[in-house]
Amino acid sequence: MDTQFLVSLSIILATFALYIGIAIYNKAKETSEFYVAGRGVPPVFNGMAIGADWMSAASFIGMAGTIMLLGYDGLAYIMGWTGGYLLLTFLLAPQLRKYGRYTVPEFIGDRFDSHTARVIAALCTIIISFTYSIGQLSGSGVVIGRLFEIDAKLGTMIGVVLIAFYAAFGGMKGITWTQVAQYVILIIAYIIPVVFMSLQITGNPAPWLSYGELVGKMGELDRELGISEYFAPFTNGTKWQFLALMFTLMAGTAGLPHVIVRFYTVSTMKAARWSGAWALLFIGLLYLSAPAYAAFSRFILMTQVAGSKITELPAWTKTWVDTGKLQVADGNGDGVLQWNELIISNDIVVMATPEIANLGLFVIGLVAAGAMAAALSTAGGLMIAISSAFAHDIFYRVLKPNSTEKTRLSVARWSIVIATLLAGLIALNPPGAITQIVAWAFALATGTFFPALVLGVWWKRSNSQGVIAGLLVGLGVTLAYIFTAKYGGFTILGIIDTGAGVFGAAAAFAANIIVSLMTAAPSQKIQEEVMDLRYPEQMVYKDGEVWMNDDGSKSV
Amino acid sequence: MKKIDKKVADSYFREKTRNMIIYFAIGFLASFGVVFFAEPLSDISINGFPFHYFMGAQGAVLTFIILLFVNAKMGDAIDRKYGIDENKNEQISSGKVLDH
């Protein structure tokens, strides 16, 4: 038990006490509170909650490391994960809010008037959120593993228990307000080390302005070492892979059920629009800092760690080697650790850098608490998405429409526990780095929900047969491409597994449109409901005419 | 409820759609456009960064944030122009939700 352990642990416990306190205070009592927090969350706070929900272990723990190792090519994650908010806020969020349902499968089931489509959409939600949560659990494993100096696997198991308990308890209402607190913790925890590193290395407290020079300087160091420059484009993949990955991450953002559901928690279309803007501002704070984090870490590793004697490596190396995520091997036996003999996993860069840069006990503990906040808040949102897809869309809307509210809530809570345990089992042996696993979830969302929702909102002619074909074809093509690219080595234009969404989306759009046109148009009522989404709440589309609801009457 | 001219309703939708297309075009250029021409643009330097790196790490994100706020503001302005009252939206919206 060293001092660092005690400091980190007490910061984490203090933040946990805060989250649990908020969750208990806001415990969900009704179904609408469990799923959509009673729909009364103001846009600024909803923006923060979206931010916490959105910024997962992948953003917090994995992204800076990915950028550090991939250089410019890693920036596809920065642009993709922020640009998606344009698609979401312009094309889908306000319209889906006006339609007024609890979940994404419910929109698809009611818009296309088909239980088959509803069940397929629910299954897609479960598959996507489940894949995503594997990344979160393996992220919390890294944090807990480092904290207790145990194997990351054991850390994952502890994370599973925490997350299952925590999400099952509060529901959406508890989670929304907890996430506001988690956003504040995680953004402070992320920015403080970057500011300190910036001061240490450049003497400028604003990392966003100061790391540009470093990027150039590292290019020179790379040239001397004879490796490709840090900022050189397309060194780790083709330009097409970069573009495909960026598109996949953008469209996936707009199609992720646990993010879309966030826009159901606000009051109106206008509030949805503002929520999107606030959310991206809050998210942008971290995304603008991640490349700075990456640049400072790389610079410190290159100039202060590489080149030192293998017997005189600082103490932090040992604890990280123990987690199995860092390798320092003196390959050429000259007693000196070279840059290329240092193998660091994407997933530990953010966690290890405060130690590497000697930022002190408190900052290291704070980063651990921030990482836990990121993993927990996203896992919470994902688990709500999974449980609502199962308990609400499959169990209640299809299987047992007469079940009581109490039964439905308990089915919802149990499905969270079971889903977390299953995801935890897979996370014990994660099939990829955190950012990569998460990118698969985005590829799946791009191939399934993005086309289905865009056509569902913007094209009244799209019908149930079309959407069913689109969802199945999109899911099939995306999964097939991920597996053949990852395990079969098959690629088109150098696009690898993480960019698979491009093909899934193209196939799904084509299938949806072709099948819709070959079959009968949807009913007049459905077509009118789709036309109605063009206008704000007060304007109502009916029988080919638009009506203005001036008295604000609730009868529509 | 009173009927409004279909033309008025259509022009509401058209204005919003036109703005949306403009925002998308700008966002697309800032991200996909710059990536596509990354190599030639890398010779330009901005604040110490090669230009393509700057756009990927900061420029595109800032553009997106600005576009979203412009969209929110402009959306409000268009709503006002067509006499949409947010309080009424709220009332209607809370009543229209499918409750189950």
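Biologist: In the hairpin of E3(A) and E4(A), which residue takes a positive phi?

Modeller: In this predicted model, that residue is Asp543(A), with a phi near 50°. The hairpin has 2 residues between its strands.

Biologist: What makes E3(A) and E4(A) a pair of strands?

Modeller: Strands pair if DSSP finds at least two bridges between them. Strand E3 (residues 539-542) of chain A and E4(A) are joined by 4 bridges and run antiparallel, so they meet the definition of a pair. One of the bridges sets Lys542(A) opposite Glu545(A) in E4(A).

Biologist: How do you know that E4(A) also pairs with E1(B)?

Modeller: The test is again at least two bridges. Strand E4 (residues 545-548) of chain A and E1(B) have 3 bridges, in the antiparallel sense, and therefore they count as paired. Val546(A) stands opposite Ile4(B), and Trp547(A) stands opposite Lys3(B).

Biologist: How many residues does each chain bring to the contact?

Modeller: Chain B brings 53 residues and chain A brings 52 residues. On the side of chain B that touches chain A, the elements giving two or more residues include strand E1 (2-4), helix H1 (6-36) and helix H3 (51-81) of chain B. H3(B) gives the most, with 17 residues. By class, that side of chain B has 27 nonpolar, 15 polar and 11 charged residues.

Biologist: Why is chain A called as compact as a globular protein of its length?

Modeller: Its radius of gyration is 24 Å, and the globule rule gives 24 Å for 556 residues; the two values are close, so the description holds. The C-alpha trace of chain A spans about 80 × 50 × 40 Å along its principal axes. Chain A has 21 helices and 4 strands.

Biologist: What share of chain A counts as buried?

Modeller: Of its 556 residues, 62% count as buried. The cut-off is 20 or more other C-beta atoms within 10 Å of a residue's own. As for contacts in chain A with a separation of 6 or more, 81% come from residues 24 or more positions apart.

Biologist: What makes H7(A) mostly covered?

Modeller: In H7(A), 29 of the 33 residues are buried, and buried is the class set by that count of 20 or more C-beta atoms.

Biologist: What span is expected for H7(A), and what does it reach?

Modeller: Helix H7 (residues 115-147) of chain A reaches 47 Å from its first C-alpha to its last, close to the 48 Å expected at 1.5 Å a residue. After H7(A) comes Glu149(A), with a positive phi near 50°.

Conventions
Residues numbered from 1 in each chain as written. Chains lettered and ligands numbered in written order. Predicted model: local features only at pLDDT ≥ 70, side-chain atom pairs only at ≥ 80, totals over all residues. Contact = placed C-beta atoms within 7 Å. Nonpolar A, V, L, I, M, F, W, Y, C, P; charged D, E, K, R; others polar. Expected span 1.5 Å × (residues − 1). Buried ≥ 20, exposed ≤ 12 C-beta atoms within 10 Å, placed from the backbone. Rg over C-alpha atoms; globule rule 2.2 N^0.38 Å.
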